[in-house]
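Please walk through the side-chain contacts of this structure, taking the aromatic rings before the charged pairs.

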Amino acid sequence: MSLTKNLAPVSIDDVINGLLAYYPEADVNLLKRANDFAERVHGDQKRHSGEPYMVHPRAVAKILTELHLDLPSVITAILHDTVEDTHATLADVEKNFGPVIGHLVDGVTKLSKITFKTSEEKQAENFRKMIIAMAKDIRVILVKLADRTHNMRTLEHLLPYKQKAIAQETLDIYAPIANRLGISSLKTELEDLCLRYLHPDIYYKLSSKVAKTKRDREKYIEDVTALMQEKLKEYDLHGSVTGRPKHFYSIYKKMERRNIDFEQVHDVIAFRIVLDNITECYKALGVIHATYKPVPGRFKDYIAIPKANKYQSLHTTVIGPHGERIEIQIRTNDMHQVAENGIAAHWLYKEGKLGNDGQGDVEWVNRLLEWHKDLKDPTEFLETVKIDLFAEDVYVFTPRGDVKEFPYGSTPLDFAYGVHTDVGNSCVGAKVNGKIVPLKHKLKSGDTVEILTSPTQTPSKDWIKIVKTSKAKAKIRLYIKSQERTRAMQLGREMLEKEFRTYSQNLGKLQKTELFTEYLKKRGAKTLDDLCIYIGYGRLSPAVVAHAVLPQEVLTQKQVPEKPEEPSIIKKIFESATRKAEAKNAITVENLDDILIRFGRCCSPIPGDPIIGFVTRGRGVTVHTTACPKSFESENERKVDVKWNLQVPVRRHVKIRVLSHDVPGILANMSQAIAGCAVNISQANIRTTKDRKAISMFEVEVGNTEQLARVLSALESKKGVINVERVRT
């Protein structure tokens with residue numbers, strides 16, 4: 001992997017040949033005229049490298065032909081510095097090449113002049129640049145991206161301080177813009193070039209280490225590629241399989257994020273499978289998962305749910321040969337073009353006009369082109385421009401004009417915790433664009449958010465359902481757990497003190513005795529507070545503690561029941577919550593009967609699922625799957641061992657989501673598939689999408705995970721079905 005590009009001077013013939021390769025009807029005479037005009041006005045100007053200045057605009061034009069941009073964009077690349085750096089005027093450009101090209105050259109010139117004002121305004125200005133770049137014509141930013149790419153390729157000719165300044169701005173602004181527009185080819189190159197100049201020591205160290213493993217890596221890629229090709233052919237799937245190392249910046253960010261060395265980064269190789277159609281993509285995914293063990297939680301379906309920039313692929317990480325983690329992207333040829341060239345891939349050129357590529361994306365492109373607001377004052381701009389460009393991300397403003405980025409669906413609570421934990425914990429409401437909104441209000445890009453707080457406010461468990469960000473969820477859970485522990489500790493202490501008083505004993509004095517200290521160690525409790533928490537959660541009886549720490553002569557002073565079995569306290573707690581009519585339950589709790597069992601609605605466990613139970617005083621035991629997020633929200637002291645009682649048959653409701661093509665008879669076929677597994681459908685809900693897909697939600701009754709697996713397999717085998725999954729709500 002290398003950043004070395006062919007930096008030999010680009011001739012106008014190179015640009016013309018690149019353009020004609022995808023646009024044979026292009027008016028090359030107009031392009032030649034533009035080149036002659038630029039050569040004349042730039043005259044004897046030189047670049048910092050000492051080369052003639054025209055090397056740069058022609059190189060920028062060549063990059064745009066690689067992205068398959070239209071003729072006006074390529075001509076704009078040739079002319080983009082004429083108005084700013086020569087005696088030529090915008091009127092000259094418009095007179096010679098028309099208003100469209102004049103408009104584009106003007107847009108690129110204005111974009112180049114935007115600078116940061118103060119460090120406090122940096123984030124808002126970054127955001128402002130993105131919007132201004134897209135305001136009048138999306139092609140303006142595409143020309144600017146190509147311009148910045150060539151400047152980064154030749155950055156070595158500038159002074160070090162200028163190198164760092166330009167690289168930092170590129171990393172802050174232009175690489176993210178390339179990413180947002182889906183142009184991964186430019187985005188990855190820009191990021192690697194930025195790393196080279198911002199952290200040269202890291203860059204060259206990575207380069208050296210990657211080079212050392214080059215031979216082994218190439219052999220590994222060759223072997224895995226051949227094996228994948230063979231497996232795909234077994235299922236009559238014909239497509240290209242390629243492998244490549246991840247780019248340097250991606251490896252660097254992973255090392256930084258996980259605080260690990262290069263040798264500990266295992267998934268440095270990515271493979272790509274390109275096929276003819278969507279159905280083959282999902283089949284290929286099945287083949288890959290059957291061949292290699294998938295890594296849980298590392299699968300993403302961007303085909304069914306594309307990114308906002310129209311990127312589509314299936315992403316999965318698997319354990320490949322020799323235990324190496326490898327990332328695999330599966331997509332169609334059309335999707336590959338979009339992934340590499342982003343928005344440029346949505347255009348084609350007929351009779352010299354910008355047209356739609358027939359994929360139904362004209363509305364998205366038009367929306368980008370219409371988002372121009374002619375606002376010169378930054379304050380007015382920040383107040384009035386509202387955007388909805390990136391469905392996966394939300395950009396909102398603080399009252400001071402700073403920009404905050406949140407996942408789509410975030411609420412004012414996410415914003416509050418993004419500011420500070422204390423602000424989040426005391427949040428009572430918010431003002432969005434000057435209007436008071438509830439905490440569950442969904443934020444939209446461009447909103448200005450002001451958080452309202454109260455010193456008496458505290459987080460609620462319900463907040464976890466409202467927030468979207470992992471930071472907010474973690475802070476709320478931490479607070480709830482802390483409060484629950486405090487309440488359990490207070491209750492446990494009261495119960496223990498009450499028990500000791502029946503023997504005329506003082507807890508404060510007893511806790512200092514050697515016998516009590518030894519008992520704490522035996523129970524795995526560091527302090528008396530820990531012991532009280534166990535009692536408060538119902539995991540330990542105060543009578544058991546008294547029997548263990550009081551001298552025998554004290555115990556005989558009063559009639560005391562024989563030492564109870566420790567688990568019996570749970571039984572006592574749940575005396576008000578028994579189900580004697582169902583004594584033989586589907587769940588056993590530490591070998592006890594007659595205990596109220598509730599199943600978590602959040603994960604809907606079924607026999608065969610790994611499960612865990614949680615004690616709730618007076619309400620029995622709630623059973624969740626071990627992978628359920630709820631299992632991370634409760635203290636370990638509340639957990640109890642639970643098992644499925646396989647002697648008792650039980651049928652549980654499970655939701656299944658099916659993505660399919662919207663074709664006649666598909667619902668009947670799916671219903672027959674479910675019925676063929678001797679499974680009853682208790683509820684069904686079907687909706688269709690604009691691209692003629694159907695999303696079907698079935699609620700079925702199954703006896704165990706094996707039966708559910710048969711249902712899923714039967715559905716997947718039906719023609720027209722794209723994807724099947726169990727839904728945990």
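**Rings and charges in the predicted model**

At 19% relative accessibility, Lys187 counts as buried, because the cut-off for a buried residue is under 20%. The model is a predicted one, and Lys187 is a useful place to enter it, since this lysine takes part in a salt bridge with Glu191 in which the closest N and O atoms are 3.6 Å apart. Both residues belong to helix H10 (residues 184-198), where they are four residues apart, about one turn of the helix. Glu191 is likewise buried, its relative accessible area being 11%.

From here we can turn to the aromatic rings. The structure holds five aromatic pairs. In one of them, the ring centres of Tyr203 and Phe248 are 5.2 Å apart and the planes stand at 75°, so the pair is edge-to-face. Because Tyr203 lies in helix H11 (residues 200-212) while Phe248 lies in helix H13 (residues 248-258), this pair ties together parts that are 45 residues apart in sequence. Tyr203 counts as buried at 5% relative accessibility, and Phe248 is buried as well, with a relative accessible area of 1%. Ring pairs also bring in Tyr204, so that Tyr203, Tyr204 and Phe248 are linked into a cluster.

Another pair is formed by Tyr249 and Tyr252, whose ring centres are 5.9 Å apart and whose planes are at 50°, so the pair is tilted. These two tyrosines both lie in helix H13, three residues apart, which is about one turn of the helix. Tyr249 counts as buried at 14% relative accessibility, and Tyr252 counts as buried at 10%.

A ring can also be approached by a charged side chain: Arg652 lies over the face of Phe599, at 4.0 Å from the ring centre.

Returning to charged pairs, the count of salt bridges comes to 12. Among them is the bridge between Asp147 and Lys144, with the closest N and O atoms 3.2 Å apart. These residues are three residues apart in helix H8 (residues 138-153), and are therefore separated by about one helical turn; both Asp147 and Lys144 are buried.

The salt bridge of Asp223 with Lys219 has its closest N and O atoms 2.8 Å apart, and its partners both lie in helix H12 (residues 214-234), four residues apart, about one turn of the helix. Here Asp223 counts as partly exposed at 40% relative accessibility, and Lys219 is partly exposed too, with a relative accessible area of 45%.

Key
Residues numbered from 1 in each chain as written. Predicted model: local features only at pLDDT ≥ 70, side-chain atom pairs only at ≥ 80, totals over all residues. Heavy atoms only, no water. Phe/Tyr/Trp six-rings, centres within 6.5 Å; stacked < 30°, edge-to-face > 60°. Buried < 20%, exposed > 50% of the residue type's maximum accessible area, 1.4 Å probe, protein only. Lys NZ or Arg CZ within 6 Å of the ring centre and 35° of its normal. Salt bridge = Lys/Arg side-chain N within 4 Å of Asp/Glu carboxyl O.
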